[in-house]
Amino acid sequence: MPRSTTALRAVTRLLLERAITTAARRAAAPGGIRFTERQLYYETCRVLRPTPPPLRRVPHSPAPPLRLSRFTEVLRGREPAGMLPTPTGPVPALGGPSAEPDLYAYGLPRLLICQDRAIAHMLLANHVHLEAACPVLSAGDDLPLDPRTVAALERAEGATVHVLHDAGAAGVTLPGRVRAALGPVPGVRVVSLGLVPRHAQALRLVSGRRPGPPPPVGALPPGLRPAEADWLAAGRFTEVAALPPARLLRAVLRLTRGPRPTRHSVWTELRGLRGAGFLTWPEP
């Protein structure tokens, strides 16, 4: 190999190592967020190709500027602070109901099922299941649901099963498969948290394309637009991991917890008293 080529490869590798270091720092902010290797890959893509402010509101889902294989090659042997190990098998105790039989006697008002096992692991590592009071499960490991879990959902009277999935043919049909697997459970609804193709484009998330002929998409949810169906039929996809880790955590907490109750303070109490007739002028 010519010396100039060797020098160019060395410089390219050095720049890529620095980009990964910067991406790891961004992925962990704020407050030391734990993140997956795939999330670090997408954060590195954002470092290598930042979006200028004037273009951030233009819907677009670009191809990645860095091959995943090249990223993996440079990352090998490096473990940035905050990066979680890749699960090699079913992750035990994904925040679901404990094996203690007494805990199944209570109602379970909400449940989160993730298509990606690594994302479920990441949410647990960042204590989302505790902050949202919502067990986190993996679709590949925990479906069909344990009958005791289904009974706990039904007992809550109005429980919600949230499904977090990729914007891809397998992802957008996952909520329907979860709903079908649950069967006719009274009072339990299944809600998709996304992603769908329009999310990927509005957030300018990196998208990929399956090699070879696109697989059959199957029955799509009724809420998808024709352009989104065409996007999926072309074999395109965007992973949940493409979302910045902090943004993903905020979105999952907001959507699973629902609207926050009003915080009580001196001012809210004064407003309440005024509404009840206190601190107001008497009627003439």
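**Strands and a helix, side by side**

Let's start with one pair of residues: Leu111 has Val161 of strand 3 as its bridge partner. Keep in mind as you look around that this is a predicted model.

Leu111 leads us to strand 1, which covers residues 110-114. Strand 1 and strand 3 run parallel, and five bridges join them. Strand 1 also pairs with strand 2 (residues 136-138), again in the parallel sense, over three bridges. Here you can look for Leu112, whose bridge partner in strand 2 is Val136. How much of strand 1 is buried? Four of its five residues are, so this strand is mostly covered.

Now move on to helix 7, which spans residues 147-155. At its N-terminal end, Asp146 acts as a cap, with a side-chain oxygen 2.7 Å from the backbone nitrogen of Arg148. Just after the helix, Glu157 takes a positive phi of about 55 degrees.

Which residues of helix 7 are buried? They are Thr149, Val150, Ala152 and Leu153. These four lie on the same side of helix 7, because they cover an arc of only 160 degrees around the axis. Their cover includes strand 1, strand 3 (160-164) and helix 9 (174-182).

Finally, step back to the whole protein chain. Its secondary structure comes to 13 helices and six strands, and 39% of its 284 residues are buried. Take the contacts between residues at least 6 apart in sequence: 80% of them join residues at least 24 apart. The accessible surface of the chain comes to about 16,600 Å², and 59% of that belongs to carbon and sulfur atoms.

Terms used
Residues are numbered from 1 along each chain as its sequence is written. This is a predicted model: local features need pLDDT of at least 70, side-chain atom pairs count only at pLDDT 80 or more; totals for chains, interfaces and linings use all residues. Side-chain values use heavy atoms; hydrogens and water are left out. Helices (H or I, at least four residues) and strands (E, at least two) are DSSP runs, numbered from the N terminus. Buried means under 20% relative accessible area, exposed over 50%, partly exposed in between (1.4 Å probe, protein chains only). Contact means heavy atoms within 4.5 Å. Accessible areas come from the Shrake-Rupley method with a 1.4 Å probe; for residues, only the protein chains shown count as cover. The arc is that of the directions from the helix axis to the C-beta atoms. A polar contact is a pair of N or O atoms within 3.5 Å; within protein, one must be able to donate a hydrogen and the other to accept it, and residues adjacent in sequence count only if both atoms are side-chain atoms. Two strands pair if DSSP finds at least two bridges between them.
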